Amino acid sequence: MKILIIGAGALGSYFGGCLQKGGNDVTLVCRNRGHREAILSNGLCLETNGETENVSINCVSEIDLKNLNTEFDMVFIFTKSKDTYNALKGSEKLIKKSTPLISLQNGIGNEEILQHFSSKVIYGCTTLPSDLKASGLVSSSGTHLTNFNSISTADNKLVLKLKDVLSSCGIYSEISSNISESIWKKAIFNSAVNVICALIRGTPGEIAKSNELISLANSVANEGCEVAQNLGIKVSTKEVKSIIFMSTTEHPNHKPSMLVDILNHKKTEIDSITGQIIRFGKKGNVQTPHNNVLFSLIKALEK
């Protein structure tokens, strides 16, 4: 399959590399010049559980993308939520209404943006951790799961095809009958672990070392679960806390994207994660004091 990956940072590059290794024809759209040039010169190096493999893969800049005339079978979006609309707008000539658009991004509400560009939208989330260790080198380790489904039941064959494509390249995936639950579960997890990591400038392993931080992460998660449950989304508080435990113990050295953004003095995805939890909390009259404080602290850092 001909596949386009828009947003070839750590996660987009890792997915793209796996898809290319699995026999697909993948094009990465990479904003990071150093990363892009390293891939073009030496290939993309994938490190999985300590084992490395070099993958030859096409990689273009956003400017070069505008000169492509290729028709893609699938387009994955891995940009930050705040950049989704502009990234798709810049790729508009390559995306038809019938082009499958796939979002596995962090945050709540990404599928609504994708619907402006295609009638075939698949959305979901992934717990696959990926780190950009150096230009041209991305790393992942530990267990993970990718969940997704389509907005339209008419796209069931497409969803099954995507599952086959991901499974054949080593990315374990499931079709979720209640994808809203999966997305909220991931967002609540991110509102705890990713935000705390960004604030302490540390990895999930640092949370595991501190009873105070574990308690804070669980309190943040409790609020998010209450907001989701108030919306009728059956998120299990116990399951979210088990994901937090898994992340802090199995992926102790992973640098979440929000931490990377803060370290690089960039805007974060706080609005599409914690901001959405707070917004829906206010609508449902659910109090979110811990989320409110963490949101304010990240906003202060961004400024």
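## Surface and overall build

The accessible surface of the chain comes to about 13,600 Å², and carbon and sulfur atoms account for 48% of that area. Keep in mind as you read on that this is a predicted model. Of the 303 residues in the chain, 55% are buried.

How does the radius of gyration of the chain sit beside that of a compact globule with 303 residues? The globule would have a value near 19 Å and the chain has 18 Å, so the two agree. Along the principal axes, the C-alpha atoms fill a box of roughly 50 × 40 × 35 Å. Contacts tell a related story: among those with a separation of 6 or more, 70% are between residues 24 or more positions apart. As for secondary structure, the chain has 13 helices and 12 strands.

## The sheet of 8 strands

Let's start with the sheet that holds 8 strands. This sheet is open, its pairing is mixed, and its order reads β5-β2-β1-β6-β7-β8-β11-β12. At the edges are β5 (58-60) and β12 (173-175), each of which pairs on one side only. On average, neighbouring strands here are turned by 25° against each other, direction ignored.

Within this sheet, strand β1 (residues 2-6) and strand β6 (residues 74-77) run parallel and are joined by 4 bridges. If you would like a residue pair to look at, isoleucine 6 stands opposite isoleucine 77 in β6. Helix α7 (residues 179-200) lies across β8 (121-126) and β11 (146-150), and runs at about 40° to β8.

## The sheet of 4 strands

There is also an open sheet of 4 strands, in the order β4-β3-β10-β9, again with mixed pairing. Which strands stand at its edges? They are β4 (51-55) and β9; each has a single partner strand, so one side of each is left without a neighbour in the sheet. Neighbouring strands in this sheet are turned by 30° against each other on average, direction ignored.

Strand β3 (residues 44-48) pairs with β4 in the antiparallel sense over 5 bridges, and glutamate 47 stands opposite threonine 52 in β4. Two helices meet these strands. Helix α2 (residues 33-42) packs on the sheet, where it touches β3, β4, β9 and β10, and its direction makes about 95° with that of β3. Helix α1 (residues 10-21) lies across β3, β4, β9 and β10 too, running at about 95° to β3.

At the other end of the strand order, β9 (residues 131-134) and β10 (residues 137-140) run antiparallel and are joined by 3 bridges. Leucine 132 has valine 138 in β10 as its bridge partner. The two strands form a hairpin with 2 residues between them, and glycine 136 in the turn has a positive phi of about 85°.

## Helices α9 and α10

Do the ends of helix α9 sit where a rise of 1.5 Å a residue puts them, or what span do they show instead? The 20 residues of α9 (residues 211-230) should span 28 Å at that rise, and the end C-alpha atoms are 29 Å apart, which agrees. Its buried residues are Leu213, Ala217, Val220, Ala221, Glu223, Gly224, Cys225, Val227 and Ala228. These pack against α7, α8 (204-208), α10 (237-250), α12 (274-283) and α13 (289-302). Just after α9, glycine 232 takes a positive phi of about 90°.

Helix α10 gets the same check: its 14 residues should span 20 Å at 1.5 Å a residue, and its end C-alpha atoms are 20 Å apart, in agreement. Buried in α10 are Val240, Ile243, Ile244, Met246, Ser247 and Thr248, and the buried residues of this helix pack against α7, α8 and α9.

## Positive phi outside glycine

Two residues are worth a look if you check backbone torsions. Asparagine 49 has a positive phi of about 50° although it is not a glycine. This asparagine is found in the loop between β3 and β4. With a relative accessible area of 52%, asparagine 49 is over the 50% cut-off and therefore counts as exposed.

Arginine 201 is not a glycine either, yet has a positive phi of about 55°. Its place is in the loop between α7 and α8. Is arginine 201 buried or partly exposed? Its relative accessible area is 46%, so arginine 201 is partly exposed.

Methods
Residues are numbered from 1 along each chain as its sequence is written. This is a predicted model: local features need pLDDT of at least 70, side-chain atom pairs count only at pLDDT 80 or more; totals for chains, interfaces and linings use all residues. Side-chain values use heavy atoms; hydrogens and water are left out. Two strands pair if DSSP finds at least two bridges between them. Axes are lines fitted to C-alpha atoms, for helices over the stretch in contact, and angles run from 0 to 180 degrees between N-to-C directions. Contact means heavy atoms within 4.5 Å. The expected span of a helix is 1.5 Å times one less than its number of residues. Buried means under 20% relative accessible area, exposed over 50%, partly exposed in between (1.4 Å probe, protein chains only). The radius of gyration is taken over C-alpha atoms; the globule rule is 2.2 Å times the number of residues to the power 0.38. Accessible areas come from the Shrake-Rupley method with a 1.4 Å probe; for residues, only the protein chains shown count as cover.
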